[in-house]
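Subject: A structure for you to look at

Hello,

Here is the structure I promised to pass on to you. Please open it and keep it beside you while you read the notes below.

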Amino acid sequence: MARDCIFCRIIAGEAPADVVYRDDAVIAFKDIMPRAPVHILVVPLEHIASVNDLAEKHAQTVWRMFRVAQVVAEKQGIKSTGYRLVVNNGPDSGQVVFHLHMHLLGGAPLGPFGAYRRI
Ligand code: AMP
Ligand code: ZN
């Protein structure tokens, strides 16, 4: 647990969240600033700062995050209509919370992926 991490505080029950799923490895809660009709964050209980910090020992955790994405997508009724999974990593991605998380977005056509300047 990182005391200065908002997601660790949610996991510890010290900060509020609209939790839609929790097990012994992963929690899922609604994004506070939704960018789609369904916008849920899938978060490992373990504090891993970003994709850069993943190692082979996290293989099971990563699989469990994808498994929870499947389960939550089904519970939210978007399994067949489709959804997008996004993991931001580092400054250029706009990552603001440095506790690994997967955005689960769906519930309406999301449009083409991404927005970036031509280089
Ligand atoms: P990222 O840019 O990938 O780091 O995204 C972090 C996400 O966490 C953003 O979409 C925020 O809206 C969301 N967020 C930040 N604080 C909270 C919170 N307390 N509860 C739920 N979502 C949050
Ligand atoms: Zn954390």
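Let's begin at the ligand. A backbone N or O atom of Ile32 lies 3.2 Å from a nitrogen atom of ligand 1. Please keep in mind that this is a predicted model.

Two side chains also reach ligand 1 with polar atoms. For Arg35, such an atom lies 2.2 Å from an oxygen atom of the ligand, and for Asn88 the distance to an oxygen atom of the ligand is 3.0 Å. On its own, ligand 1 has 510 Å² of accessible area, and the protein covers 86% of that.

Where does ligand 1 sit? You will find ligand 1 in the largest pocket. Helix 1 and strand 2 are the elements that give two or more residues to the shell around the ligand. Helix 1 provides the largest share of that shell, with three residues. There are 17 residues around ligand 1, and those that come nearest are Asp31, Arg35, Val96, His101 and His103.

Now for the aromatic rings. A pair of aromatic rings is described by the distance of the centres and the angle of the planes. The count here comes to one aromatic pair. Its partners are Phe7 and Phe29, which meet edge-to-face, with 5.2 Å from centre to centre and 80° between the planes. This pair links distant parts of the chain: Phe7 belongs to helix 1 (residues 6-11) and Phe29 to strand 2 (residues 26-30), 22 residues apart. Are these two residues, Phe7 and Phe29, buried or exposed? Both Phe7 and Phe29 are buried.

Enjoy exploring, and write back with any questions!

Best wishes

Terms used
Residues are numbered from 1 along each chain as its sequence is written. Chains are lettered from A and ligands numbered from 1 in the order in which they are written. This is a predicted model: local features need pLDDT of at least 70, side-chain atom pairs count only at pLDDT 80 or more; totals for chains, interfaces and linings use all residues. Side-chain values use heavy atoms; hydrogens and water are left out. Rings of Phe, Tyr and Trp (its six-membered ring) pair if their centres lie within 6.5 Å; planes under 30 degrees apart count as stacked, over 60 as edge-to-face and the rest as tilted. Helices (H or I, at least four residues) and strands (E, at least two) are DSSP runs, numbered from the N terminus. Buried means under 20% relative accessible area, exposed over 50%, partly exposed in between (1.4 Å probe, protein chains only). A residue is near a molecule or strand if one of its heavy atoms lies within 4 Å of it. A polar contact is a pair of N or O atoms within 3.5 Å; within protein, one must be able to donate a hydrogen and the other to accept it, and residues adjacent in sequence count only if both atoms are side-chain atoms. Accessible areas come from the Shrake-Rupley method with a 1.4 Å probe; for residues, only the protein chains shown count as cover. On a 1 Å grid over the protein atoms alone, a cavity is a set of points where a 1.4 Å probe fits but cannot get out, and a pocket is an open set with protein on both sides within 12 Å along at least five of seven lines; lining residues have an atom within 4 Å of a point. A molecule sits in a cavity or pocket if more than half of its atoms lie within 2 Å of its grid points.
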